[in-house]
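Welcome to a short tour of a protein model. Have the sequence and the 3D view ready, and let us walk through it together.

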Amino acid sequence: AADVFIWGTTLDGQLFYFYPVKLRGSVSLGRAWDRSTAKDMPYKPQLQGLASVSYEYRVLSHKFTLSIEETYHGKRYADVENLAVLPPFAQTNFGLNISGRFFGEGMFFVKVLNVFDVASEDSPGFPQPGRSFYLGYSI
């Protein structure tokens, strides 16, 4: 039976806000390991981070928000023996939201995840989806 020990810390917050620009960041350091084998648990990165910048513009009762976000996922072990390593990767995401009174109070949105189509894997041989596009309306 595994004897798992987990520790970690996250620093998250709005780094800068001067209307109409917001800068936000987050960094997480953590570790999960099996004390009985002295090995790290697979698939859990020790370092993760996020940086985002957004720009807001108002026209009458509508608000337009443009955002760009960069995420970082550190290296992860891909097996319980800690022999196979999945490399770190960073991905860029883009979003545009338009909120206000359309059909009641709501928001149109456009999102593009993994803008530069960065290859990544959660498990060896199982690639994550590439670039993704989302278009919608939320109430």
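## A loop residue to start with

Let us begin with Val118, which is found in the loop between E9 and strand E10 (121-123). Is Val118 buried or exposed, or something in between? With a relative accessibility of 26%, Val118 counts as partly exposed, because the partly exposed class runs from 20% to 50%. Please keep in mind that you are looking at a predicted model.

Now find Gln91 in your viewer. Val118 and Gln91 are 27 residues apart along the chain, and their C-alpha atoms are separated by 6.4 Å.

## Distances along the chain and in space

Other pairs let you set sequence distance beside spatial distance. Two of them start in strand E5, where both Thr71 and His73 are found. Thr71 has a relative accessibility of 11% and so counts as buried, whereas His73, at 23%, counts as partly exposed. The cut-off helps here: buried means under 20% relative accessible area.

How far apart in space are the C-alpha atoms of Thr71 and Val112? The separation is 13 Å, for two residues 41 apart along the chain. For His73 and Ser99, 26 residues apart in sequence, the C-alpha to C-alpha distance is 31 Å. Phe5 gives one more example: this residue lies in strand E1 (residues 4-18), and Phe5 counts as partly exposed at 32% relative accessibility. Between Phe5 and Ala119 there are 31 Å in space, C-alpha to C-alpha, and the two are 114 residues apart in sequence.

## Asp40 and its partners

Next, turn to Asp40 in strand E3 (residues 39-40). Asp40 has a relative accessible area of 10%, so this residue is buried. Which side chain joins that of Asp40 in a polar contact of 3.2 Å? The partner is the side chain of Gln46.

The backbone of Asp40 has a partner as well. Its nitrogen lies 2.7 Å from a polar atom of the Asn82 side chain. Asn82 has its place in the loop between strand E6 (76-77) and strand E7 (85-86). With 15% relative accessibility, Asn82 counts as buried. To picture this spot, put the two residues together: buried Asp40 and buried Asn82, linked through the backbone nitrogen of one and the side chain of the other.

## Backbone surprises

Some background helps before the next stop. Most residues other than glycine have a negative phi, and most peptide bonds are trans. Asn82 departs from this, with a positive phi of about 60° although it is not a glycine. Tyr43 also has a positive phi, near 75°. You will find Tyr43 in the loop between E3 and E4, and at 39% relative accessibility Tyr43 counts as partly exposed.

Which two residues are joined by a cis peptide bond? They are Tyr19 and Pro20, with omega at about 15°. Pro20 has its place in the loop between E1 and E2.

## Rings and charges

Aromatic rings are worth a look too. How many aromatic pairs does a search of the whole structure find? The search finds two.

Rings also meet charged groups in this model. The charged end of Arg31 sits over the ring of Trp33, at 4.4 Å from the ring centre. Lys111 has its charged end over the ring of Tyr134, and here the distance to the centre is 5.5 Å.

## The largest pocket

Let us finish with the empty space. Rolling a probe the size of a water molecule over the atoms shows where empty space is left. The largest pocket in the model has a volume of about 250 Å³. Its lining has 16 residues, and those nearest the pocket centre are Ser52, Ser54, Ser67, Ile68 and Glu69.

Which strands supply at least two residues each to this lining? They are strand E2 (21-34), strand E4 (47-59), strand E5 (62-73), strand E8 (89-101) and strand E9 (105-113). E8 gives the most, with four residues. By residue type, the lining divides into five nonpolar, seven polar and four charged residues.

How values were computed
Residues are numbered from 1 along each chain as its sequence is written. This is a predicted model: local features need pLDDT of at least 70, side-chain atom pairs count only at pLDDT 80 or more; totals for chains, interfaces and linings use all residues. Side-chain values use heavy atoms; hydrogens and water are left out. Rings of Phe, Tyr and Trp (its six-membered ring) pair if their centres lie within 6.5 Å; planes under 30 degrees apart count as stacked, over 60 as edge-to-face and the rest as tilted. A charge sits over a ring if NZ of Lys or CZ of Arg is within 6 Å of the ring centre and within 35 degrees of the ring normal. On a 1 Å grid over the protein atoms alone, a cavity is a set of points where a 1.4 Å probe fits but cannot get out, and a pocket is an open set with protein on both sides within 12 Å along at least five of seven lines; lining residues have an atom within 4 Å of a point. Grid points are joined across faces, edges and corners, and a volume is the space filled by probe spheres set on the points. Ala, Val, Leu, Ile, Met, Phe, Trp, Tyr, Cys and Pro count as nonpolar, Asp, Glu, Lys and Arg as charged, and the others, Gly among them, as polar. Buried means under 20% relative accessible area, exposed over 50%, partly exposed in between (1.4 Å probe, protein chains only). A polar contact is a pair of N or O atoms within 3.5 Å; within protein, one must be able to donate a hydrogen and the other to accept it, and residues adjacent in sequence count only if both atoms are side-chain atoms.
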